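Trainee: I would like a close look at the pockets of this protein, and at the parts of the fold around them. Could you take me through them in one connected account?

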Amino acid sequence: MGEAAVPQPAEKPIVDIKGLRKVYRIDAEKVVALDRIDLTIQQGEVCCLLGPSGSGKSTLLNMMAGLEKPTKGTIRMLGHNIGQMSESRLVKFRQRNMGFVFQSYNLLPALTALENVGIPLMFKGVGRRGRRKAALKMLDMVGLKSHAKHKPTQMSGGQQQRVGIARAFVVGAPLILADEPTGNLDSKTTAEVMELIVGRARQQGQTLIIVTHDLRIASYADRIVHIFDGKVERIENGPGDGGMLKASVTESADAEI
């Protein structure tokens with residue numbers, strides 16, 4: 001008889017949140033923003049935090065990024081308890097492990113697209129030549145190599161968001177956090193931007209966490225975490241193909257004909 005197979009331990013989640021609670025004090029009043037959140041997210045997963053305005057979804061994303069400290073509970077990112085990190089350690093941790101895509105793009109207006117994309121590499125100590133090479137490669141990936149010398153005011157909203165995407169992915173961080181990444185874009189540009197973000201994350205095996213109030217955006221996710229009144233209302237599997245958004249764009253195009 002052969003030896004019995006030894007069970008292999010399950011891979012640790014890239015995000016592991018237990019009993020998370022966030023309470024803000026406004027004068028004598030306590031406002032509960034997050035209430036006993038339990039959530040795990042695996043490496044390579046596309047996860048959507050879905051909920052209406054004020055539900056707590058962006059607060060939860062900020063907590064994952066270490067921008068706010070928990071009132072109670074733990075947040076482990078890549079095995080590290082970020083709630084116990086000092087601010088200087090958190091800054092270095094974010095620089096190494098996280099990329100960010102923002103609704104308002106957050107590009108520096110005085111810098112070119114090339115310079116904006118290269119900023120995360122500068123913080124990592126990459127030299128000017130290396131930053132330029134990597135930033136140009138990423139701008140080419142998002143279809144904006146010809147706009148390398150353009151400043152944000154010389155680009156459309158969709159182009160600025162593409163630059164933001166290139167900046168988020170240039171370091172190759174294992175975790176990408178996107179907060180309403182298409183909130184300022186029309187439906188056609190939204191579909192293009194989502195294809196870029198999700199496609200790149202899947203290609204590189206990166207974990208992508210998207211915050212949105214739009215179920216069409218959520219249709220790109222492998223799992224959809226419904227947030228309401230600071231609590232996880234339910235978690236369901238998502239189609240992961242963006243079908244709802246693609247269908248709405250097709251319908252809009254047909255209506256214009």
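Mentor: What follows begins with the pockets and then turns to the cores, the sheet and two single residues. Please keep in mind throughout that this is a predicted model.

The largest pocket has a volume of about 560 Å³, and 22 residues line it, with Met98, Gly99, Phe100, Phe102 and Pro120 lying nearest its centre. Strand β6 provides the largest share of this lining, namely five residues. The elements that each supply at least two residues of the lining are α1 (57–64), α2, β6 (98–102), α3 (113–123), α5 (157–169) and β7 (175–179). In chemical terms the lining of the largest pocket divides into 15 nonpolar, four polar and three charged residues.

The second largest pocket holds about 310 Å³ of space. Its lining consists of Leu111, Thr112, Leu114, Glu115, Gly118, Ile119, Met122, Arg128, Arg131, Arg132, Ala148 and Lys149. Two or more of these residues come from each of α3 and α4 (128–141), and α3 gives the most, with five residues. By class, the lining of the second largest pocket has five nonpolar, two polar and five charged residues. Helix α3 is thus named in both linings, since it supplies at least two residues to that of the largest pocket and five to that of the second largest.

From the pockets we can pass to the nonpolar interior. The largest nonpolar core has 43 residues, and those that touch the most other members are Val117, Leu139, Val163, Ile165, Phe169 and Leu208. Helix α6 (residues 187–204) gives the most to this core, with seven residues. A second, separate core of 29 residues includes Leu20, Leu34, Leu61 and Val211. Returning to valine 117, and leaving aside residues up to four places away in sequence, its contacts are Ala135, Met138, Leu139, Val163, Ala166, Arg167 and Val170. Among these contacts, Leu139 and Val163 also appear with valine 117 in the list of core residues that touch the most other members.

Two single residues give a closer view of the helices that help to line the largest pocket. Glutamine 160 is placed in helix α5, where, at 16% relative accessibility, this residue counts as buried, because the limit for that class is under 20%. Again not counting residues up to four places away in sequence, glutamine 160 touches Tyr105, Leu107, Pro152 and Met155. Valine 91, by contrast, belongs to helix α2 (residues 87–97) and is partly exposed, with a relative accessible area of 33%. The C-alpha atom of valine 91 is separated by 9.6 Å from that of leucine 67, although the two residues are 24 residues apart along the chain.

The sheet completes the picture. Four strands form an open sheet in the order β2-β1-β4-β5, and their pairing is antiparallel. The edges are taken by β2 (29–41) and β5 (80–81), each of which has a single partner strand, so one side of each is left without a neighbour in the sheet. For β5, the link to strand β4 (residues 72–77) consists of two bridges, with the two strands running antiparallel, and methionine 77 stands opposite histidine 80 in β5.

Key
Residues numbered from 1 in each chain as written. Predicted model: local features only at pLDDT ≥ 70, side-chain atom pairs only at ≥ 80, totals over all residues. Heavy atoms only, no water. Core = buried A, V, L, I, M, F, W, Y, C linked by side-chain atoms within 4.5 Å. Buried < 20%, exposed > 50% of the residue type's maximum accessible area, 1.4 Å probe, protein only. Contact = heavy atoms within 4.5 Å. Pairing = 2+ DSSP bridges. 1 Å grid on protein atoms, 1.4 Å probe; cavity = no way out; pocket = protein on both sides within 12 Å on 5 of 7 lines; lining within 4 Å. Points joined across faces, edges and corners; volume = space filled by probe spheres on them. Nonpolar A, V, L, I, M, F, W, Y, C, P; charged D, E, K, R; others polar.
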